[in-house]
Structure formats: structure tokens, C-alpha cells
Amino acid sequence: MTDQIKKPDPTVVVIFGAKGDLTTRKLAPALYNLLLDKWMPEKFAIIGVSHHDLSHEQFLQLLRDGVDGNSRRGKTTDEEWNEFAGYFTYQRADFTKPDTYETLAAHMADLETEWGTRANHLFYLSVSPQFIEPIAQNLGNLAIAKDRDRDRIVVEKPFGRDLATATALNKLLTGIFQESQIYRIDHYLGKETVQNILAFRFANVIFEPIWNRNYIDFVQITVAETVGVEHRGNYYDKSGAMRDMVQNHLLQLLCMVAMEPPTSFQADEIRNRKVDVLHAMRKIRHEDVSQSAVRGQYGSGWLKGEQVPGYREEEGVNPESNTETFAAVKFHLDNWRWQGVPFYVRTGKRMHEKHSSITIQFRPVPHQSFPEESTENMQPNRLIINIQPEMGIKVRFQAKRPGQLMLLNPVEMVFNYEDAYRVEAPEAYETLLLDAMQGDATLFMRADQVEAAWALVMPIIETWESKPSLHFPNYAADTWGPEAAEALLARDGHTWSVQSPTKRKAAAVK
């Protein structure tokens, strides 16, 4: 967000599934912080819709508990909470019944009469996938969702379970709404460091000339988690790392690294360039999956001094599950900029540390003019974008060690958000909710982008599902995944990079 962004016009936010975990952990804290940061419209209302039998007071208490436990500001004060709570109402409803939406429309009409203006309508579907169709169809029957400029629908992931279901869902939604009204949300795109990739690449002239196959050796993208499936076993066992993370989060990051410079910062121009990347990516044939992708499943072990169960021992998981909790893939782009540069992506649960980063590995110098004894510790240049838990950018280059001898060592220049800025960064959902209220779709996925991403990973998913692994579990908790993931890079003469925190000062070279 910048100071140039004006507040949204009067807005009614309707959250379907308002009692759910996403609302209490993410949406309510995000809206609360937007209000305190003075980004919310002068006139707005939030209507929570759920099938649970709750009083208005019980609903507000659930929200307050969620905000207290998850807001970046910590616990609420009574004064701030009472102001925020005053914008909420709760409607118990059956998502499948038309009278639910007639009641909702009447409530929204009353608000607009009171305000003296027609408001923006933002319908947030924080619901299980089976409820998307009845909600969309019922909204489509009423005038509250027909204004293509002011009425928007936000659809959470998973957006389909495979290419066929994603295509069917797109067909359903675009048959009711205009594409410009549909906001397919991927919260990773709301993270400050992810957005900063665009600024880093396209607001600095020094990087674009070397951002290509002539200077870059390979690219790595890692999203590692220390947690297991927690209480999501029933969901995760039908999903897995490829569907849950690679198809959306990791491919989105890859697109932002590999996209061509846009001609403007308009939403469709940015999204066009991302779709170009997906279309340029080389399709992985079923028979080549074993050479291009690695799967893993965590076993029991110790993590941070505590014994943790294996995936098959988790609640809601099939004791003989073939679902992967780790996935690594080598992608190639067949275009002028990136031909021959491998893009390695990996993600997993119960890994050694929580860490998300993008590593740009540059080629070695073309000619070594220094004496051999000078370059014992010399390493190629590397650029690292740390996304979480710390946010920052590091550039590794070579420097001469102090002394009478010409000895080279790698050193780092570090940009860390906490050190550079005194302003607290907004959470991803704050950014995305504000953009949705503003009608800015830049950080949301378009139908063709979703389908292109699914098409890329379907051969891997189909191959893995047709050939159950004989080696699961194949990595222990508190590791970086299965050994085969290391072999995937070793065949190309590369290794996975392990990052040090950007905040930690590098130890002095002695």
C-alpha cells in the first residue's frame, strides 16, 4: 500500500462462512487492522453469514477472540473493539435457500438507504468448495451482485481439485459474473516481500540487463514449514503438497521472478505477463516425471525437542496414505530469456525450519584472472529474496580480505525490512482485502492463469496417484526432505541453498 491509494467507496462486505477458522484467524484481524490504520471506507458494514446458531453477542465474542489471538497489534482495547464491532451484523442462514439472499439483499438495501448511496458489494466465500455453486447461483439471481464495476466475489483456494474441476468452476462463475468481478485469492501474493519482487525487478535499472540466461545459472524457490498437518488431516489427505502449495503459491512466485517487464502496472497487464510464463513452461510428460519431480512424506521424529508423529499417524489421515507432504520439481521455460535455466521449486511440512525464499544463482565468472591461492573460497554471485519468517534481500559478491595477500571471500549486502522501515508491514489479507474493496485485481488470479497452472502439474499428480510410493515415509521430521530431492539437483551439479537470517549479522571473516 502507498499514500496514493485512496480509501474505498462505501462498501458492504459479506462473509459467507463467518464462523470459520479463516474468518476468525485472518479476515477479522485484517479488517480490524485496516480500520485502525484508517484504510476502511467512511461508510462500511460487515455482514457475517453462517449456518451456525449464534447470537450476535456470541458471534462478536468469537471474532474478538480471533482478533486478540491473531492480530499483529495484539489484544484489542475495549474502545477499539467496540468501534470495530459496531460495523458487524450476523445472519444465520442456509446457503442453499433463496430466502437467505433475499434477507441479505433487504439488509444491504436498508444500509444504502441510510447512507444515501449505492455501495460496493464484496462477497467473500470463506466456505467449503461444495457451497460455492449454490452461493454463486443465488447471488446471480439478485441485483446485489450484477454491477460489474461495484460488485465482486472473492473465492478462496482450493480453486478446483484438478484441471477438470477448476475449468468447471471457472465456467460456473463466468456464467454468472463477469471475469472482472471474480477475485481468486492466493494469500501469498499479498505478502510484502512477494510484492517487492515487482519493485525490485522493474524499479531498478541495474538488475534487468542481467536477469536472463546469459548471467543466471539457476533459480530456486523454497517454501518450508516446520508444522505437520495439525488439525487438517481430513482435508490434506485429499490434497497433498502438489495441490496445496506448488500449483498455486510456488508457481505464482515463479511467475513473478520469470515474467517479462510489463508496459504498465494495470492489473490485466501484470496478469498477462504471468500467464505468458505459464504458457512458456515446458510440459512434463508422464514418463519423465521421475526425472523432474520428487515426492516425500514425513515420518515420526523429534522437532525442537519434542517428539512428533509421522504423517500416517496424524488425526484424519489414512494409515496407508499415499499423499505427499513434500514435493520438489524442476521446471524449464522455453523462451528467449530463460532457455536452459532450470527453476527448482520445493515445499514440505515438518522440515528443519520455517523458511520461504527465492534464490537467484548467477553463473561463475567467465575467466579466472586471480592466482589459484586467491580464490579458494570464491563463490558465484547470488541474490536471495527472503519472504518469511524474515523479510529481506541479500546479494552475495566477492571481496578482498584485509591484509597483504590477495585473498577473496564471499560477503553479503543485506536489506532487511525491520531495519530499513519503522512502519509495521501489513498482513497479506489486509492488502488483498483492501485491493478487493478498491477493485484492484493485480494480486488476484485470472481464470486462464489458474487453468494453465493446473495443466502444468496434472501429469505429476496423475503419475503419483497411479503409482503409490513404496518408500513412504521417506524423510524424518526436522530435515530438509527426502534424499531424492538432493539428487534432483545433484544431477545438474547443483545443491539446494540454505539461508541464514537477514537480521543476523554475518560473522567476521578471520
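Strands β13 (residues 355–362) and β14 run antiparallel and are joined by six bridges. β14 spans residues 382–388, and seven of its seven residues are buried. This is a predicted model. Beyond these strands, the briefing covers a parallel sheet, a nonpolar core and two helix pairs.

**Antiparallel strands around β14**

- On the β13 side, isoleucine 358 stands opposite isoleucine 385 of β14.
- β14 also runs antiparallel to strand β15 (residues 392–400), with five bridges between them.
- Here isoleucine 385 faces a second partner: isoleucine 393 in β15 stands opposite.
- Three residues separate β14 from β15, and the two strands form a hairpin.
- Strands of a sheet pair through backbone hydrogen bonds, in either the parallel or the antiparallel sense.

**The six-stranded sheet**

- Six strands make an open sheet in the order β3-β2-β1-β4-β5-β6, and the pairing is parallel.
- β3 (88–92) and β6 (182–184) are the edge strands; each has a single partner, so one side of each lacks a neighbour in the sheet.
- On average, neighbouring strands of this sheet are turned by 20° against each other, direction ignored.
- Within the sheet, β1 (residues 11–16) pairs with β2 (residues 44–50) in the parallel sense, over six bridges.
- Valine 14 stands opposite isoleucine 47, which belongs to β2.
- Helix α5 (residues 132–140) lies across three strands: β1, β4 (120–125) and β5 (151–155).
- The direction of α5 is at about 160° to β4.

**The largest nonpolar core**

- In soluble globular proteins, nonpolar side chains tend to be buried together.
- The largest nonpolar core holds 151 residues.
- Phe16, Phe123, Leu254, Phe343 and Ile358 touch the most other members of this core.
- Helix α9 (residues 241–258) gives the most to the core, with 12 residues.
- Leucine 254 touches Ile221, Val277, Met281, Phe331, Leu333, Phe343 and Val345, leaving out residues up to four places away in sequence.
- Ile358 thus has two entries here: Ile358 is among the core residues that touch the most other members, and isoleucine 358 stands opposite isoleucine 385 in β14.

**Helices α1 and α13**

- Two packed helices are described by the angle between their axes and the distance between the axes.
- α1 (residues 21–36) packs against α13 (residues 428–438) at an angle of about 70°, and their axes are 9 Å apart.
- The two helices, α1 and α13, are therefore roughly perpendicular.
- Their crossing, α1 with α13, is right-handed.
- From α1, the residues in contact are Leu22, Lys26, Leu27, Ala30, Leu31, Asn33 and Leu34.
- From α13, they are Tyr429, Glu430, Leu433, Leu434 and Met437.

**Helices α10 and α14**

- α10 (residues 267–280) and α14 (residues 447–466) pack at about 20°, with axes 9 Å apart.
- α10 and α14 are therefore roughly parallel to each other.
- The crossing of α10 past α14 is left-handed.
- Arg271, Lys274, Val275, Leu278 and His279 of α10 meet Asp448, Gln449, Ala452, Ala453 and Leu456 of α14.

**Arginine 271**

- Arginine 271 sits in helix α10.
- Its relative accessible area is 4%, so arginine 271 is buried.
- Arginine 271 contacts Ala441, Thr442, Phe444, Met445, Arg446 and Gln449, with neighbours within four places in sequence set aside.
- Of these contacts, Gln449 is also one of the α14 residues that meet α10.

How values were computed: Residues are numbered from 1 along each chain as its sequence is written. This is a predicted model: local features need pLDDT of at least 70, side-chain atom pairs count only at pLDDT 80 or more; totals for chains, interfaces and linings use all residues. Side-chain values use heavy atoms; hydrogens and water are left out. Two strands pair if DSSP finds at least two bridges between them. Helices (H or I, at least four residues) and strands (E, at least two) are DSSP runs, numbered from the N terminus. Axes are lines fitted to C-alpha atoms, for helices over the stretch in contact, and angles run from 0 to 180 degrees between N-to-C directions. Contact means heavy atoms within 4.5 Å. A nonpolar core is a set of buried Ala, Val, Leu, Ile, Met, Phe, Trp, Tyr and Cys residues joined through side-chain atoms within 4.5 Å. Buried means under 20% relative accessible area, exposed over 50%, partly exposed in between (1.4 Å probe, protein chains only). Angles under 35 degrees count as roughly parallel, over 145 as roughly antiparallel, 65 to 115 as roughly perpendicular and the rest as oblique. A crossing is left-handed if the near helix is turned anticlockwise from the far one by less than a right angle, and right-handed if clockwise.
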